[in-house]
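Biologist: Thanks for sitting down with me over this one. Could you walk me through it, a few residues and elements at a time?

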Amino acid sequence: MLANYLIGLREGLEAALIVTILIAYVVKINRRDVLPRIWLGVGLAVLLALGIGALLTFGTYGLSFTAQETIGGVLSIVATGLVTWMVFWMLRTARDLKGHLQGNIDKHLVGAGLGLVLVAFLAVGREGIETALFIWAAVQATGATTMPLIGAALGIVTAIGLGWLIYSGMLKINLSKFFTYTGAILIIVAAGVLSYGVHDLQEAGILPGLHALAFNVSAAVPPDSWYGTLLKGALNFSPATTWLEMFAWLAYAAPTLTVFITKSRLGRPGARQLSVAPRARVPAH
Amino acid sequence: MPRVIHSVSLRSVSLRSVSLVGVGLLGIVVLSGCVANDPASTHTALTVDSSATGCAVSANEAPAGSIRFTVANSGDQVTEFYLLAEDGLRIVGEAENIGPGLSRDLVVQLEAGSYFTACKPGMTGDGVGKTEFTATKTDAAATVNSNLASHIDTITTNYGSSVRNQID
């Protein structure tokens, strides 16, 4: 049961972290009215993944290994692009918020309507088919034993619970720190999603170098341990990482973080002049 | 002000094209990646027992074509099942996230040739129970597609040796 619990936790965390930050952000800029769009994306992804998973498990056709890995890989890479877009969109909105350009925030949110649905959809859906196949396998086993299904469900519930804890913790951070921290965390998470996608495509044989490992710390961080699970679920850290995965991680994270930090510093001096008195008007929750 | 408006439209255009490309790719992969689940249509069903130390496949040869490996995990760690190419490295098929007590299917379309089966309890290391597996030439393949089959064999052999060359 513990092993199945940890799979559920890992797959759940992979989806929950990005959605959590997205929701905390929207609440933080006092735009709860766009929350339904995020939930729409999440709901669509869950329904679609469970639906496709059920069709593949019980229906006439299965999905070949190569196709499944390719879908996971391509969606992960697209998700990285979208999360990056989201980080810089947040940065721009944060700056407008500091300068009290409410009109600009509204304009950005109008343009970002589809974007929010897509980010939420891909964050949950990119590995949704694999998760759904795992869940349906647990459902199929219920004739013999219900322990795997209970374990998997508890794991996913724990992931959602952790997401909620992170969410309430985030709301307590002050506004300007919040934007810097969440942006940096999202970039690290997105870098992990990208290298995960590269690994899927390597397994599918589309990208080379599956057996060329940059490092292998599986002995110190076993993938089936609880800390291995948390590292994999939150940051997509793989204890056995290929050179290509590591290269993709660095090639994405280094320049993106640099641009992000530069841009968020640029926004600061102007904001500082304005920030003393008017910031009190920004709702504190 | 105009700069902001410009960047909004630019962003939504690039976003839209990214999502279109994504959805398109997904559609192509889903359609081309479908394999028949139907057990009746010349489909070989094999079972695999993945335990803590072993990886017992119910047969070590089967006719080329559609083969379903139903992998049951009788160990107490999460396991993975691999079908590897003749070189023992390239992954032909993989079933992962097989929790204890679970059973998952791997369906593959195999050309005639030599393969390896292996399990990876604990999701780490080189795996256990690596065994040779042979997909035998079927009559249908021999009569209808004899040229194609030999052609594929040649390509497979060449590919295998080129991979070996790269590794050595």
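**A walk through the model**

Modeller: Gladly! A:F58 has its place in helix 2 of chain A, and please keep in mind that this is a predicted model.

Biologist: Is A:F58 buried, partly exposed or exposed?

Modeller: The cut-offs are under 20% relative accessible area for buried and over 50% for exposed. A:F58 has a relative accessible area of 48%, so this residue counts as partly exposed.

Biologist: Which residues does A:F58 touch, not counting those up to four places away in sequence?

Modeller: One partner is 82 residues away in sequence, with 9.6 Å from C-alpha to C-alpha: that is A:Q140. With residues up to four places away set aside, the ones touched by A:F58 are A:W136 and A:Q140.

Biologist: Let's turn to A:T229. Is A:T229 buried or exposed?

Modeller: A:T229 lies in helix 9 of chain A, residues 226-235. Buried means under 20% relative accessible area. The value for A:T229 is 3%, so A:T229 is buried.

Biologist: Which backbone oxygen does the side chain of A:T229 reach?

Modeller: Beyond four places in sequence, A:T229 is in contact with A:L6, A:L9, A:R10, A:P223 and A:D224. The backbone oxygen reached by its side chain, at 2.7 Å, belongs to A:S225.

Biologist: Now the interior. Which helix supplies the largest share of the largest nonpolar core?

Modeller: That core has 64 residues, and A:L22, A:Y25, A:I38, A:M86, A:F179 and A:L186 touch the most other members. Several helices of chain A each supply at least two of its residues, including helix 1 (2-28), helix 2 (35-58) and helix 8 (175-203). The largest share, 17 residues, comes from helix 3 of chain A.

Biologist: And which residues does A:M86 touch, beyond those up to four places away in sequence?

Modeller: A:M86 is one of the core members that touch the most others. Beyond four places in sequence, A:M86 touches A:L22, A:V119 and A:L186.

Biologist: How many residues are in the other core that lies apart from it?

Modeller: Members of both chains appear in this other core, among them A:F65, A:L210, B:F69 and B:V108. Its count of residues is 35.

Biologist: Finally, how many strands does chain B have?

Modeller: From the N terminus, chain B runs α-β-β-β-β-β-β-β-β-β-β-α-α. Buried residues make up 40% of its 168 residues. Its secondary structure comes to 3 helices, and the number of strands is 10.

Note on methods:
Residues are numbered from 1 along each chain as its sequence is written. Chains are lettered from A and ligands numbered from 1 in the order in which they are written. This is a predicted model: local features need pLDDT of at least 70, side-chain atom pairs count only at pLDDT 80 or more; totals for chains, interfaces and linings use all residues. Side-chain values use heavy atoms; hydrogens and water are left out. A nonpolar core is a set of buried Ala, Val, Leu, Ile, Met, Phe, Trp, Tyr and Cys residues joined through side-chain atoms within 4.5 Å. Buried means under 20% relative accessible area, exposed over 50%, partly exposed in between (1.4 Å probe, protein chains only). Helices (H or I, at least four residues) and strands (E, at least two) are DSSP runs, numbered from the N terminus. Contact means heavy atoms within 4.5 Å. A polar contact is a pair of N or O atoms within 3.5 Å; within protein, one must be able to donate a hydrogen and the other to accept it, and residues adjacent in sequence count only if both atoms are side-chain atoms.
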